[in-house]
Amino acid sequence: MWVLFAFGSALFAGLTAVLAKIGVRDVDSNLATALRTVVVLAFSWLMVLIAGAWQPLSSIEGRALLFLALSGLATGASWLCYFRALQLGEVNRVAAVDKSSTVLTMLLALILLGEGLTPIKIAAMALIAVGTGLMLQTGRPHDSAASDADRQKTSAPGRAKAASLKTSGRWFLYALGSAVFASLTTILGKVGIEGVNSTLGTALRTAVVLVMAWGMVFLTGAQRGIGKISRRTWLFLLLSGIATGASWLCYYHALREGPASAVAPIDKLSILVTAAFSRLWLGEKLSARSLGGLGLLTAGTLMTLL
């Protein structure tokens, strides 16, 4: 059953990326992350009540609570980086970098959890790395969050090139940070979820993320932008939060029952969902090279299950 939950996590995670991309267009990315986390937290605790998964915190080992908290902090950092990257870059390119965390997760699972690497998994890691590299080359980088007026102001060849290169570096660094923290989230979550109901563990981790996210909001003064959020943005932030909550519940249930080195790669197949819906809803097209990269990334991901 853990395989089915892992694929469910991929489906909802893929939807999250596209819904969040729309939701962060007109709002500070830190504020958007914090608002979405409120939805995820409410969804997570609702599932705890429905499943009857509550247990006193005193009954949970201190080690498990520590790793759940650390996992929550890593998740918060990953989210803050991810949604800033989404605001600056194309969703397909951001998702490709984020999904490269599969390689790092497998290496960390080998070093920290003792999960072995077979020749097939090593080949799979190579395919994922190459596929990710190809997907990054989707054409001229640009700031998808910029307005038409902004683009017109930078229409001169020299200024446009400089702005494009600056934006390219910024979104990539944020996306890379998201991938690193996502890998740490998986490893720490694997340890923390042992001996704890996965639904309860998800809710506890989300509470940590909420505190971290709102801390960043008030630190940067982004809370002043709440009154300027449009109804359409509120809707997509709500939908992306619900999709995230569903993805998390599936993911940590799968993580509790299955190996981290297999659960994480399946979850990364969400990039197929992201690519499909970003084409339908955002009009983002993949070049022939990027499609080839997506194929290699997918093939490498599936190979990790062998």
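This is a short dialogue on reading helix packing and a cavity in a predicted model.

Colleague: I would like to start with helix packing. What describes two packed helices?

Modeller: Happy to help! Two packed helices are described by the angle between their axes and by the distance between those axes. Take α2, residues 29–51, and α10, residues 231–257: their axes lie 8 Å apart, at an angle of about 45 degrees. That makes α2 oblique to α10.

Colleague: Is the crossing of α2 and α10 left-handed or right-handed?

Modeller: α2 passes α10 in a right-handed crossing.

Colleague: Which residues of α2 and α10 meet there?

Modeller: From α2 come Ala32, Leu35, Arg36, Val39, Val40, Phe43 and Met47. Their partners in α10 include Trp234, Leu237, Gly241, Gly245 and Trp248. Sorted by class, the residues of this contact are 13 nonpolar, four polar and one charged.

Colleague: Could we try another pair? At what angle do α3 and α9 pack?

Modeller: Helix α3 spans residues 62–88 and helix α9 spans residues 198–220; they pack at an angle of about 50 degrees, with axes 8 Å apart. α3 and α9 are therefore oblique to each other, and their crossing is right-handed. On the α3 side the contact includes Leu65, Leu68, Gly72, Gly76 and Trp79. α9 brings Gly201, Leu204, Arg205, Val208, Val209, Met212 and Met216. The classes in the contact of α3 with α9 are twelve nonpolar, five polar and one charged.

Colleague: And how do α1 and α11 cross?

Modeller: The axes of α1 and α11, the latter being residues 260–267, come within 8 Å and cross at roughly 35 degrees. α1 passes α11 in a right-handed crossing. Here Trp2, Val3, Ala6, Phe7, Ser9, Ala10 and Ala13 of α1 meet Ala262, Val263, Ile266 and Asp267 of α11. That contact has nine nonpolar residues, one polar and one charged.

Colleague: Now for empty space. How many cavities of 30 Å³ or more does the structure hold?

Modeller: There is one cavity of 30 Å³ or more, and the volume of the largest cavity is about 440 Å³.

Colleague: Which residues are closest to the centre of the largest cavity?

Modeller: Of the 24 residues in its lining, Ala13, Trp79, Asp98, Trp248 and Asp267 are the closest to the centre. You have already met Ala13 and Asp267 in the contact of α1 with α11.

Colleague: Which helices supply at least two residues of that lining?

Modeller: Look at α1 (2–23), α3, α4 (91–99), α8 (157–192) and α10: each supplies at least two. By class, the lining of the largest cavity divides into nine nonpolar, nine polar and six charged residues.

Terms used: Residues are numbered from 1 along each chain as its sequence is written. This is a predicted model: local features need pLDDT of at least 70, side-chain atom pairs count only at pLDDT 80 or more; totals for chains, interfaces and linings use all residues. Side-chain values use heavy atoms; hydrogens and water are left out. Axes are lines fitted to C-alpha atoms, for helices over the stretch in contact, and angles run from 0 to 180 degrees between N-to-C directions. Helices (H or I, at least four residues) and strands (E, at least two) are DSSP runs, numbered from the N terminus. Angles under 35 degrees count as roughly parallel, over 145 as roughly antiparallel, 65 to 115 as roughly perpendicular and the rest as oblique. A crossing is left-handed if the near helix is turned anticlockwise from the far one by less than a right angle, and right-handed if clockwise. Contact means heavy atoms within 4.5 Å. Ala, Val, Leu, Ile, Met, Phe, Trp, Tyr, Cys and Pro count as nonpolar, Asp, Glu, Lys and Arg as charged, and the others, Gly among them, as polar. On a 1 Å grid over the protein atoms alone, a cavity is a set of points where a 1.4 Å probe fits but cannot get out, and a pocket is an open set with protein on both sides within 12 Å along at least five of seven lines; lining residues have an atom within 4 Å of a point. Grid points are joined across faces, edges and corners, and a volume is the space filled by probe spheres set on the points.
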